[in-house]
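Colleague: I am new to this structure and should like to be guided through it. May I put some questions to you?

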Amino acid sequence: LGDRIRMGSHQNDEGVFIRSMATRGSLGGLARNTYKAIALFDAFGFQKIMVETIGVGQDEIDIGTLVHTCVVVVTPGHGDSLQALKAGIFEIADILVINKIDAEEPLNTISAFESIAMMTHKKNKWAPRVVAISAKEGKNIENLMGAIEEHHICVGTRREGFIKERGLEFIISSILLDIFKERLGARYPAFKKRLFQEGVDMYAEIEHIINVGGRKFFNTNIR
């Protein structure tokens with residue numbers, strides 16, 4: 001996301017540390033080691049940890065399961081209310097930020113998302129806040145920070161158990177994948193190639209390997 005370029009003036013600030021992490025093929029819009037990084041920063045005593053992800057589609061919403069407060073940033077004219085309702089990315093938004101109001105009047109966008117926030121409020125105790133800002137001009141940033149603090153006090157701390165549970169799943173899946181690749185070694189590329197063939201049921205094939213091989217399935221010859 002170009003953090004080192006966009007935030008170059010802040011990376012040497014006292015108490016600030018910026019770490020860019022490539023997803024390296026991971027699904028969900030996050031690097032496999034994101035949870036580990038969050039836990040590490042927390043252990044080092046960082047008071048605020050920001051995790052930024054590009055959110056490239058409706059399925060890249062894993063970030064919503066690993067943070068206390070999820071802020072979704074859009075720009076004016078970001079589709080109509082129907083498209084917003086369909087987008088999975090909106091479902092995880094605790095706070096919706098409309099950026100670049102210095103370049104375009106966002107009244108239609110604000111109105112559309114405020115309507116959706118009201119509908120969401122019927123299902124949840126927290127109604128997503130809609131905040132219009134200008135990062136370029138620094139406009140309304142204090143309103144955004146206030147909304148984040150308000151959400152954290154109201155809801156954020158209650159997510160701690162869920163975040164730890166999701167983090168456990170991240171760690172387990174990460175370790176198992178590393179073991180799988182390590183044990184298969186040079187056979188892993190051929191294994192993937194065969195499973196990628198048209199008509200091959202990946203789930204069935206992998207379950208077969210596990211069930212047949214048991215504890216030794218990593219040492220089993222992969223046909």
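The questions below go from the overall fold to single residues.

Modeller: Please note beforehand that this is a predicted model, in which local features need pLDDT of at least 70, side-chain atom pairs count only at pLDDT 80 or more, and totals for chains, interfaces and linings use all residues. Residues are numbered from 1 along each chain as its sequence is written, and side-chain values use heavy atoms, with hydrogens and water left out.

Colleague: In what pattern do the helices and strands follow along the sequence?

Modeller: Helices (H or I, at least four residues) and strands (E, at least two) are DSSP runs, numbered from the N terminus. The protein has 9 helices and 3 strands. Read along the sequence, they give the pattern α-α-β-α-α-β-α-β-α-α-α-α.

Colleague: What share of the residues counts as buried?

Modeller: Buried means under 20% relative accessible area, exposed over 50%, and partly exposed in between (1.4 Å probe, protein chains only). Of the 223 residues of the protein, the buried share is 32%.

Colleague: Which residues of the largest nonpolar core touch the most other members?

Modeller: A nonpolar core is a set of buried Ala, Val, Leu, Ile, Met, Phe, Trp, Tyr and Cys residues joined through side-chain atoms within 4.5 Å. The largest such core holds 20 residues, and those touching the most other members are Ile63, Leu66, Cys70, Val72, Val74 and Leu96. Two or more residues come from each of α2, β1 (71-74), β2 (95-98), α5 (107-121) and α7. Contact means heavy atoms within 4.5 Å, and one of the core residues named, Leu66, touches residues including Ile163, Gly167 and Phe170.

Colleague: Against which helices do the buried residues of α7 pack?

Modeller: Helix α7 (residues 160-184) has 25 residues and reaches 36 Å from its first C-alpha to its last, close to the 36 Å expected at 1.5 Å a residue; the expected span is 1.5 Å times one less than the number of residues. Its buried residues are Ile163, Gly167, Phe170, Ser174, Phe180 and Leu184. They pack against α2 (34-43) and α8 (188-195).

Colleague: Which residue pairs with Glu169 in a salt bridge?

Modeller: A salt bridge is a side-chain nitrogen of Lys or Arg within 4 Å of a carboxyl oxygen of Asp or Glu. An α-helix has 3.6 residues a turn, so residues three or four places apart point the same way. Glu169 and its partner are separated by about one helical turn because they are 3 residues apart in helix α7. The N to O distance is 2.9 Å, and the partner is Arg166.

Colleague: How many residues apart in sequence are the parts that Lys48 and Glu149 tie together?

Modeller: The closest N and O atoms of this salt bridge are 3.7 Å apart. Lys48 is exposed at 58% relative accessibility, whereas Glu149 is partly exposed at 36%. Lys48 lies in the loop between α2 and β1 and Glu149 in helix α6, so the separation of the parts tied together, in residues, is 101.

Colleague: Which residue other than glycine has a positive phi in the loop between β3 and α6?

Modeller: This loop lies between β3 (129-132) and α6 (141-154), and Gly138 is in it. The residue in question is partly exposed, with a relative accessible area of 22%. Its phi is near 65°, and it is Asn140.
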